[in-house]
Amino acid sequence: MTTDATATTGAGPSTPGKIIAVHLNYPSRAAQRGRTPAQPSYFLKPASSLAGTGGTIDRPAGTELLAFEGEIALVIGEPARHVSPADGWRHVASVTAANDFGLYDLRAADKGSNVRNKGGDGFTPLGPTLIPANVAGEDGWRVRTWVNGTLVQEDTSDTLLFPFGRLVADLSQHLTLETGDVILTGTPAGSSVVVPGDVVEVEVDAPDAPGSPTSGRLVTTVTQGAVPFGDFGSKPAIDDAQRIEAWGSEAEHAAAVEAGLASPLDAAADARAGEPAASVSPLTDELRETIAGVAVATLSVALRKRGYHDIFIEGVHANHPGDRIVGIAKTLRFIPFRPDLFASHGGGFNAQKLAFDTVAPGEVLVVEARGERGTGTVGDVLALRAQVRGAAGIVTDGGVRDFEAVAGFEIPVFSQGPHPSVLGRRHVPWEVDVTIACGGAAVQPGDVIVGDGDGVIVIPPHLLAEVVAEAAAQEAEDAWVAEQVAAGASVDGLFPMNAAWRARYDAERGAR
């Protein structure tokens, strides 16, 4: 990184003591993420992640979601400790461009620390030129990013949720910002995934300042890494939510799949380094056909024999009389309403919208609403989205908005009934594809959901084949008993069958 001829003497050394990055700061990015923070939050990046212009960044072997984030970087001049927001900006000596690369494949391993997913060698390109901070005010800066020559990000510092001076002041409450420390101030909307061969360029300038000073373009070429991760640490692991968030939206991910740049949403396990492809669904066509003739009540008897007593999703009923539902569980969890949590998780492309927008054909979307029927958990638009995507049904232990409209759709919906209210009354959409409690039953993604007029039950996949086989045999036996009762036989000794009736049944069954 070189220093512009007009740089102030407060410009820091080429290797900073600290690199501090802000999570969310641009309204455009907050809207994309579906949450707007009330206060800034931060993470640290190691100095060893620094790189200059014209370099390369390896996408590690076994990963696929390396994303760029063009940012405005601040370089501290005069040390700052317990300064005010009004004075924070004067502690900034220089401004330049940065690229806060991140590897979504390792986010789960970090659990928020960002050490592994954002701390790799070369993951913080910076430069190429320092612009003196005094050439413009803190709201006079612009950041732009290009991928392979196409402009993909553009925003200005006058839109920030947390201005530069406030960031300096806030951080100075907790630690001393020293000369040369770098603050990465957040990325605007447009961040997405890059693949080997892509060229990313970031530029920061002050377009309204005399001479329109610029950092110049910070150029990084993505290359393919060859060294796999070892067995002595966390391996890359991604899911559909990470894919969509990394690419920016489901539409952008779908376009990447079409272009051969990304794996389909239902193939997340295939991309995990060193792990086998996703297993085949236990719900085969043959089992589906068998289940179609078996009542939930009969299936529940077979489960109870195996010690599974709390597999009922209590209190839910079908919106169409006579509906049956059979499919693989995809889960969505709501938590109780709290204003600050709803502000951060309730808007934009939140967990609820993500669940309905990614449910796969044959899946049943199961919603944990804590049995709270005093608000809606699904309405007509989201129910229609699930139907269009081929979902096998929706089960919620909460209420349904637009109940009559939803009842007019083909998709079966089991719920506690209608309620006109929206989420913000009782719920915050929180997370998808996790173990939940719906109507008193534990439900995991991949469980088999079966429902009819008697209710809805959850079948662990490893028990499916034997439970269905036993229940189908019991259904056949019950049908034969009903025939005998209809012909005038007494239920005494017949229901359940004594030895004589059992022998007769076995003989007739053998004859058939």
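## Ser 212 and its loop

Ser 212 counts as partly exposed, at 35% relative accessibility. In this predicted model, Ser 212 sits in the loop between strand 14 and strand 15. Its phi is positive, about 45°, although Ser 212 is not a glycine. Most residues other than glycine have a negative phi.

The two strands beside this loop are partners. Strand 14 covers residues 199–205 and strand 15 covers residues 218–224. They pair in the antiparallel sense, over 4 bridges. Within this pairing, Val 200 stands opposite Thr 220 of strand 15.

## The sheet around strands 14 and 15

Which strands make up the open sheet, and in what order? The sheet has 5 strands, in the order 5-15-14-11-12. Its pairing is mixed. Strand 5 (55–59) and strand 12 (150–156) stand at the edges. Each has a single partner strand, so one side of each is left without a neighbour in the sheet. From one strand to the next, the twist averages 20°.

## Two other backbone features

Asp 402 also has a positive phi, near 50°, in a residue other than glycine. Asp 402 lies in the loop between strand 20 (393–396) and helix 13 (403–407). With a relative accessible area of 31%, Asp 402 is partly exposed.

A cis peptide bond joins Gly 127 and Pro 128. Omega there is about 5°. Most peptide bonds are trans. Pro 128 belongs to strand 10, which covers residues 124–132.

## Strand 26 and its partners

Is strand 26 enclosed or open to the outside? Strand 26 covers residues 455–459, and 5 of its 5 residues are buried, so this strand is largely enclosed by the rest of the structure. In a regular strand the side chains alternate between the two faces of the sheet. Both faces of strand 26 are covered. Gly 455, Ile 457 and Ile 459 are buried on one side. Val 456 and Val 458 are buried on the other.

Strand 25 (residues 448–452) runs antiparallel to strand 26, and 5 bridges join the two. Val 448 has Ile 459 as its bridge partner in strand 26. Strands 25 and 26 form a hairpin, with 2 residues between them. Strand 16 (residues 312–313) also runs antiparallel to strand 26, joined by 2 bridges. Here Phe 312 has Ile 457 as its bridge partner.

## Aromatic rings

How many aromatic pairs are there? The count comes to 4. Trp 89 and Phe 164 are one pair: their ring centres are 5.8 Å apart and their planes stand at 25°, so the pair is stacked. Trp 89 lies in the loop between helix 2 (85–88) and strand 8 (92–99). Phe 164 lies in helix 5 (residues 164–172). The pair therefore ties together parts that are 75 residues apart in sequence. Trp 89 is buried, with a relative accessible area of 14%. Phe 164 is buried too, with a relative accessible area of 0%.

Ring pairs also link Trp 480, Trp 501 and Tyr 505 into a cluster. A charged residue meets a ring elsewhere: Arg 217 lies over the face of Trp 146, at 3.5 Å from the ring centre.

## Helices 9 and 14

Two packed helices are described by the angle between their axes and the distance between the axes. Helix 9 covers residues 296–305 and helix 14 covers residues 464–486. Their axes come within 9 Å and cross at roughly 125°. That angle makes helix 9 oblique to helix 14. The crossing of helix 9 past helix 14 is right-handed.

## His 345

His 345 is in helix 10 (residues 339–345). At 26% relative accessibility, His 345 counts as partly exposed. Asp 105 and His 345 are 240 residues apart along the chain. Their C-alpha atoms are separated by 22 Å.

## The whole chain

The chain has 512 residues, and 50% of them count as buried. It contains 15 helices and 26 strands. Along its principal axes, the C-alpha trace spans about 105 × 50 × 35 Å.

Conventions
Residues numbered from 1 in each chain as written. Predicted model: local features only at pLDDT ≥ 70, side-chain atom pairs only at ≥ 80, totals over all residues. Heavy atoms only, no water. Phe/Tyr/Trp six-rings, centres within 6.5 Å; stacked < 30°, edge-to-face > 60°. Buried < 20%, exposed > 50% of the residue type's maximum accessible area, 1.4 Å probe, protein only. Lys NZ or Arg CZ within 6 Å of the ring centre and 35° of its normal. Pairing = 2+ DSSP bridges. Axes fitted to C-alpha atoms, helices over the stretch in contact; angles between N-to-C directions. Parallel < 35°, antiparallel > 145°, perpendicular 65-115°, else oblique. Left-handed = near helix turned anticlockwise from the far one by under 90°.
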